[in-house]
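Subject: Structure handed over, with notes

Dear colleague,

Here is the structure I promised to pass on to you. Please open it beside this message, so that you can follow each point on the screen.

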Amino acid sequence: MEFLTEFPSMGRRDLTSLRQAIDETFRSFSRAYGESLENFFDPLLHFLIWFEKLLLGMPWPLFLIIIGGLAWLGSRSWKITVASVLAFVAIGVLGMWEDTMATMAIISVATLVCIVVGIPLGILMARSDRTQSVITPVLDVMQTIPSFVYLIPVVMLLGIGKVPGLLAVCIYAIPPIVRLTNLGIRLVDKDVLEAADAFGASPKQKLLGVQVPLALPNIFAGINQTIMMALSMVVIASMIGVKGLGVPVLRAVSNQYLALGLMNGLAIVALAIIFDRVTQSYGKRLQAYRGQSK
Amino acid sequence: MTQTKVSIKNLYKIFGNNPKKVLPDVKAGMTKPELLDKHNHVLGIHDVSLDIPEKQIQVVMGLSGSGKSTLIRHINRLIEPTDGEILIDGENVLAMNDTQLREMRRKKMAMVFQKFGLLPHRRIAENVAYGLEIQGVPEAEAQKRAQHWIDRVGLTGYEEHYPGQLSGGMQQRVGLARALANDADILLMDEAFSALDPLIRFDMQSILLELQKELHKTIIFITHDLDEALRLGDNIAILRDGAMIQQGDAQEIVLKPADDYIADFTKDINRAKVIRLTGLKSPVSGYNGPTLPGSTVLEEALSPLAQAPDQTIGVTDKTGAVTGTVNLTQAIEALHG
């Protein structure tokens, strides 16, 4: 009877040695390659630091003008533009300017990395069903595995700091842009592609002239989702040494500072809403040609 | 006899997992339902041979599923055949590599699609210039040539619109202009007017015929509509279940249908508007009386016939020489089929 009620597990000693073996292998891997990996990510680190300094060193009125300008270019809506500027003014008045700039820096760089890596990956996926069947489960894992779990190997490899934080954000935030690029390209009308073929378009001409432009609204929805997910990683990234709005939130959690947590949390929400509204209305304008009738 | 522009020889297309394996069975006479039953392959094109003369309109007609759209896609190799040969200007299309094939699609032919196939994110002018852009024609030159064809199909003023803003008929004018802008010898038209309502379709046919009078392109026109086939086609080929069952000009199709299937097709058409005197004439020598050109349709020939002496009238060819005679009884019999 005991056999049925108690699951026949491997036994404590075997399990321990299995875990130790895995840990040991990874440790020696990180000892061997940790430094070269760090060197590999060095340019990224320099870029991130440079960008953060740029934002922090910028006179705040200039930053507000730039934010307003970008919001206007993206949305062409006075409501969104004014609301964006006011949100940043409130953030500054409430003393969160520096943390917000640090968060802006890491979100921007993470989004950039996700775009640069994610869009080509999505294009590759759209080109072959086999690639798609390999990448899809990887993306599923990246999105569902608890972030703390992949923080462990990342920290083991690269230590604590900006780059591991950036990587953690990217791992979590890249799936939507890959998926939506893939989807967008696969959804391009077959008749239009056939026409391009019939006129003798080369694969490159088809990709850049037909597939990517027609997939752009979907790609843009992917970028939007990527930004949102990157923002939601801010607090977790602060656990491994990323500066920004996450740090005070973390402090507030451990010390039960309600107001501090709430204010910084709301600042993150404000950033999210601004990014979301601006990118979404830009995405809508991209497909203006679709809805028009005579 | 005019020169052959496109020559299709013993073309087979079988859809399925392993078409090459079942090809011998098909060549040995296996029918379409048998093939589907035994091997789970679909017979798309069954031993089609067709010589398409240059500078004429060749219509390929058939109901849906007859393989006509599959056939036209073999000419520019959007579909790879299972077996057979396709020659364009004597050049074997199937032997071409990717680069040669692209070159041929860019320079030798242009295609018009049933569902238009316009690029929705480009303005009309950019759509018409698309083929030129693919060829690498400089932008200013491409715009100039595109504008010429936009004007020719009557879309002046719509250059800056998007395809989604135009009606179906206007969108297909864009499709036609895009194809003509390529300045290719061969025009492939896959059910180009089938998605349009009847009045617009008639207009588009008129535009095409008018343009053809001066352009003299080799046009391969796919349709399921017999009226359209008879109106446009210098030559008509009829497909059923992927096989060619009759080819000839409109007169032959209507007056001498190859089988009941085609006879059924031609039953409902207005014969008075299709049959021409030249299809009915009996040979004569030394005829001396009133004449009509051979291209006169019966509708217009009936009353001259009734008034003519002996109710018989001479038929002349293009040079005006009398080639035969037709009498009223013959005409009336032809009308009843």
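Below I go through what was found, beginning with a sheet and ending with some loop residues. Please keep in mind throughout that this is a predicted model.

The sheet in chain B

In chain B there is an open sheet of 4 strands, with the order E2-E1-E4-E5 and antiparallel pairing. Strand E2 (42-53) and strand E5 of chain B stand at the edges with a single partner strand each, and therefore one side of each has no neighbour in the sheet. As general background, the strands of a sheet pair through backbone hydrogen bonds, and they may do so in a parallel or an antiparallel way.

Within this sheet, strand E1 (residues 4-15) of chain B is joined to strand E4 (residues 83-88) of chain B by 5 bridges, and one residue to look for is Val6(B), whose bridge partner in E4(B) is Ile88(B). E4(B) also pairs with strand E5 (residues 91-92) of chain B, in the antiparallel sense and over 2 bridges. Here Ile88(B) stands opposite Glu91(B), while Leu87(B) stands opposite Asn92(B). The hairpin that E4(B) and E5(B) form has 2 residues between the strands, and in it Asp89(B) takes a positive phi near 50°.

Helix H1 of chain B

Which residues of helix H1 (residues 19-27) of chain B are buried? They are Pro19(B), Val22(B) and Val26(B), and when you look down the axis of H1(B) these buried residues fall within an arc of 75°, so they line one face of the helix. In general, an α-helix has 3.6 residues a turn, which means that residues three or four places apart point the same way. The buried residues of H1(B) pack against E1, helix H2 (32-39) and E2 of chain B, whereas Lys20(B), Lys21(B) and Pro24(B), on the other side of H1(B), are exposed. Just after H1(B) you will come to Gly29(B), which takes a positive phi of about 110°.

Where the two chains touch

Turning to the contact between the chains, 18 residues of chain B are in contact with 19 residues of chain A. Helix H4 (98-107) and helix H6 (130-135) of chain B each supply at least two residues of the side of chain B that touches chain A. Sorted by class, that side of chain B has 8 nonpolar, 6 polar and 4 charged residues.

Residues in loops

Most residues other than glycine have a negative phi. Arg77(B), although not a glycine, has a positive phi of about 60°, and this residue lies in the loop between helix H3 (68-75) and E4 of chain B. Arg77(B) counts as partly exposed, because there are 17 C-beta neighbours inside 10 Å. Gln311(B) is not a glycine either, and has a positive phi of about 50°; the place of Gln311(B) is in the loop between helix H14 (298-307) and strand E12 (312-316) of chain B. With 15 C-beta neighbours inside 10 Å, Gln311(B) also counts as partly exposed.

Finally, please find Pro283(B) in the loop between helix H13 (271-274) and strand E11 (291-293) of chain B. Pro283(B) counts as exposed because it has 8 C-beta neighbours inside 10 Å. The C-alpha atoms of Pro283(B) and Glu159(B) are separated by 55 Å, and these two residues are 124 residues apart along the chain.

With kind regards

Technical notes:
Residues are numbered from 1 along each chain as its sequence is written. Chains are lettered from A and ligands numbered from 1 in the order in which they are written. This is a predicted model: local features need pLDDT of at least 70, side-chain atom pairs count only at pLDDT 80 or more; totals for chains, interfaces and linings use all residues. Two strands pair if DSSP finds at least two bridges between them. Two residues are in contact if their C-beta atoms, placed from the backbone, lie within 7 Å. Ala, Val, Leu, Ile, Met, Phe, Trp, Tyr, Cys and Pro count as nonpolar, Asp, Glu, Lys and Arg as charged, and the others, Gly among them, as polar. A residue is buried if 20 or more other C-beta atoms lie within 10 Å of its own, exposed if 12 or fewer, and partly exposed in between; C-beta atoms are placed from the backbone. The arc is that of the directions from the helix axis to the C-beta atoms.
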